[in-house]
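Student: I would be grateful for a close look at a single part of this structure, the open sheet and its surroundings. Please describe how that part is built and how it sits within the chain.

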Amino acid sequence: MEKVPMTVSGHAALEAELKQRQQIERPRIINAISEARAHGDLSENAEYHAAKEQQALNEGRIAELEDKLSRADIIDITKMSGDVVKFGATVTLVDEDTEEERRWQIVGDMEADAKAGRISISSPMARALIGKKQGTSVEVVTPKGARSYEITDVRFG
């Protein structure tokens with residue numbers, strides 16, 4: 001079984017979602033199925049079919065979360081340091097053409113969220129940054145073409 005790198009906070013978020021789905025969503029859906037059954041003929045009962053579909057989606061997500069959590073290799077980034085980009089680093093970049101500054105944290109695939117500033121370790125941007133030092137320029141091939149960035153800061157924790 002292949003281990004998957006994950007930050008402590010990413011692991012906690014998945015555990016919280018799993019707990020929510022098991023302890024709150026599952027009983028709510030079971031209750032909805034019971035209520036819909038009480039309405040009689042199941043072949044034409046839209047509430048019953050909708051609740052059964054919700055149940056299938058919820059149970060599928062529970063199984064997915066359990067699998068991800070069982071394969072998690074939790075990395076405590078608060079114990080990391082240095083000026084070389086690696087998993088868990090928060091990297092500040094300056095676009096060498098536009099002077100626009102961006103900040104990204106490199107996280108596991110399961111916790112990536114570009115809108116929140118977290119990019120997957122397997123993304124093209126992260127792959128270009130890994131192993132580079134603060135003060136270095138890097139070229140990244142993006143969907144919008146090749147871009148050059150200067151790494152202005154590397155932080156952990």
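Tutor: The account below begins with the whole chain, turns to the sheet and its core, and ends with a separate region. The model is a predicted one. Its chain contains three helices and seven strands, and from the N terminus on these elements follow the pattern β-α-α-β-β-β-β-α-β-β.

The sheet in question is open and has five strands, in the order β5-β4-β3-β7-β6, with mixed pairing. Its edges are formed by β5 (118-120) and β6, each of which pairs on one side only. On average, and with direction ignored, neighbouring strands of the sheet are turned by 45° against each other. Within the sheet, five bridges join β3 and β4 in the antiparallel sense. One residue pair illustrates this region: Val91 has Trp104 in β4 as its bridge partner. Leaving aside neighbours within four places in sequence, Val91 is in contact with Trp104, and also with Val85, Arg102, Arg103, Ile106, Leu129, Ile151 and Asp153.

Val91 also belongs to the largest nonpolar core, a set of 19 residues. Together with Val85, Leu93, Ile106, Met125, Leu129 and Ile151, Val91 is among the residues with the most contacts inside that core. At least two core residues are supplied by each of β3 (90-95), β4 (101-107), α3 (124-129), β6 (137-142) and β7 (145-155). The largest share, four residues, comes from the helix α3. Apart from this core lies another, of nine residues, including Met6, Ile62, Leu65 and Leu69.

For a view of another element, one may turn to Asn58, which is found in helix α2 (residues 46-70). Asn58 counts as buried because its relative accessibility is 3%, and the cut-off for buried is under 20%. Apart from neighbours within four places in sequence, the contacts of Asn58 are with Arg21, Glu25, Arg26 and Ile29.

The dimensions of the whole chain complete the picture. The radius of gyration of the chain is 22 Å, whereas a compact globule of 157 residues would have one near 15 Å. Taken along the principal axes, the C-alpha atoms fill a box of roughly 70 × 35 × 25 Å. Of the 157 residues, 33% count as buried. Among contacts with a separation of 6 or more, 54% are between residues 24 or more positions apart. The accessible surface of the chain comes to about 9400 Å², and 50% of this area belongs to carbon and sulfur atoms.

How values were computed
Residues are numbered from 1 along each chain as its sequence is written. This is a predicted model: local features need pLDDT of at least 70, side-chain atom pairs count only at pLDDT 80 or more; totals for chains, interfaces and linings use all residues. Side-chain values use heavy atoms; hydrogens and water are left out. Buried means under 20% relative accessible area, exposed over 50%, partly exposed in between (1.4 Å probe, protein chains only). Contact means heavy atoms within 4.5 Å. A nonpolar core is a set of buried Ala, Val, Leu, Ile, Met, Phe, Trp, Tyr and Cys residues joined through side-chain atoms within 4.5 Å. Two strands pair if DSSP finds at least two bridges between them. Axes are lines fitted to C-alpha atoms, for helices over the stretch in contact, and angles run from 0 to 180 degrees between N-to-C directions. The radius of gyration is taken over C-alpha atoms; the globule rule is 2.2 Å times the number of residues to the power 0.38. Accessible areas come from the Shrake-Rupley method with a 1.4 Å probe; for residues, only the protein chains shown count as cover.
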